[in-house]
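Let's take a walk through this one together. Have the sequence and the 3D view open side by side.

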Amino acid sequence: MVEFLKNLLGFLGSIGRGIGFQGMNVIGTILLVIMTLILIGEMFSYQLVLTPWPRLVKRQRRWNTKSIAVMGMTAALSVILQAVGAVIVLVPGTITFRADAMVRFPFGAIFGMPAVWGVGLANLLGDALAGTLGPGSIGGAVIAWWMPYLFYRLMRQPEQRNMAQRNAWLKYYGISLLWCVIGSFYLCSSFQWLRLLPTEVIWVGVFPAVILTTFIGGLAGPLVARIVGPAADKYGLSIDEMRFEVEGRYNDKV
């Protein structure tokens with residue numbers, strides 16, 4: 001298994017050399033701008049909607065006891081799993097187990113934006129507790145925020161987020177892989193612009209490691225969703241039952 005993971009790391013690292021470090025940074029920079037703007041919009045409850053035409057809508061959201069509790073629970077659980085996973089080494093010196101991914105991914109679909117903000121907060125808290133809080137933590141917090149956000153936007157049906165449909169597992173892993181790619185590009189471009197590491201280390205070392213560690217960490221996410229999803233529905237904490245977003249109440253902004 002270790003040899004297989006090493007070979008996979010080598011293959012993913014060769015992508016940077018094939019495209020070229022400058023080309024990789026151009027792709028990452030474009031994603032960096034788009035993803036950051038979407039996050040900033042969500043901070044003020046403005047959401048990008050692509051159908052029937054691209055536009056911004058003002059979402060009506062209600063922070064109450066339940067939503068704040070969900071945000072805090074998600075943040076705490078994410079920090080704990082981040083610390084626990086760090087001690088599980090898959091490839092010495094390269095890959096540790098990102099246990100937090102197995103809750104960060106599905107919680108976005110189950111709990112919605114309270115979980116999304118909880119994960120973003122958790123990443124900053126985790127770095128602060130580990131003594132690694134610095135300029136790179138901002139990029140890390142942004143891509144952490146995007147982990148549940150993609151699922152919040154792309155898995156809205158209860159049958160899908162609770163993994164009750166056959167194609168839900170396939171969709172889950174597809175969204176996970178999408179995040180692994182765009183999240184890795186975002187983080188590595190932010191590292192390059194901040195000059196935190198040598199360019200070759202960023203695209204040959206960090207880029208493949210982020211993809212592989214996060215995807216492996218999220219493999220058990222559907223099992224978590226099968227347990228947590230129905231329980232959240234039962235106790236009124238799921239995205240629908242919590243009624244954090246008032247359906248049908250938003251203002252179009254062209």
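Is Glu241 buried, partly exposed or exposed? Keep in mind as you look that this is a predicted model. Glu241 has a relative accessibility of 44%, and because that value lies between the 20% limit for buried and the 50% limit for exposed, the residue counts as partly exposed. To find Glu241, go to the loop that links α10 to β5 (245-253). Leaving aside residues up to four places away in sequence, Glu241 touches Asp233 and Gly236. Now look for Phe111: it sits 130 residues from Glu241 along the chain, yet the two C-alpha atoms are 9.3 Å apart.

Next, head for the nonpolar core. The largest one has 53 residues, and the members that touch the most others are Trp146, Tyr149 and Trp179. Plenty of helices chip in: α2, α3 (65-85), α4 (101-111), α5 (113-130), α6, α8, α9 (199-217) and α10 (221-234) each give two or more residues to this core. The top contributor is α8, with eleven residues. Trp146 is a good place to pause. Not counting residues up to four places away in sequence, Trp146 is in contact with Met35, Ile38, Trp179 and Ile182.

Trp146 also takes you to the second largest pocket, since that residue turns up in the pocket's lining along with Tyr149, Ile38 and Ile182, among others. This pocket has a volume of about 310 Å³. Three helices, α2 (21-43), α6 (136-154) and α8 (166-194), each put at least two residues into the lining. Here α6 gives the most, with five residues. What kinds of residues make up the lining of the second largest pocket? Ten are nonpolar, one is polar and one is charged. Under that grouping, Thr51 is the polar one and Arg153 the charged one.

Leu48 is another of the pocket-lining residues, and following it leads to a pair of strands. Across from Leu48, in β2, stands Leu56. Strand β1 (residues 46-49) and strand β2 (residues 55-61) run antiparallel and are joined by four bridges. Together β1 and β2 make a hairpin, with five residues between them. While you're there, one rule of thumb may help: in a regular strand, side chains alternate between the two faces of the sheet.

Technical notes:
Residues numbered from 1 in each chain as written. Predicted model: local features only at pLDDT ≥ 70, side-chain atom pairs only at ≥ 80, totals over all residues. Heavy atoms only, no water. 1 Å grid on protein atoms, 1.4 Å probe; cavity = no way out; pocket = protein on both sides within 12 Å on 5 of 7 lines; lining within 4 Å. Points joined across faces, edges and corners; volume = space filled by probe spheres on them. Core = buried A, V, L, I, M, F, W, Y, C linked by side-chain atoms within 4.5 Å. Buried < 20%, exposed > 50% of the residue type's maximum accessible area, 1.4 Å probe, protein only. Contact = heavy atoms within 4.5 Å. Pairing = 2+ DSSP bridges.
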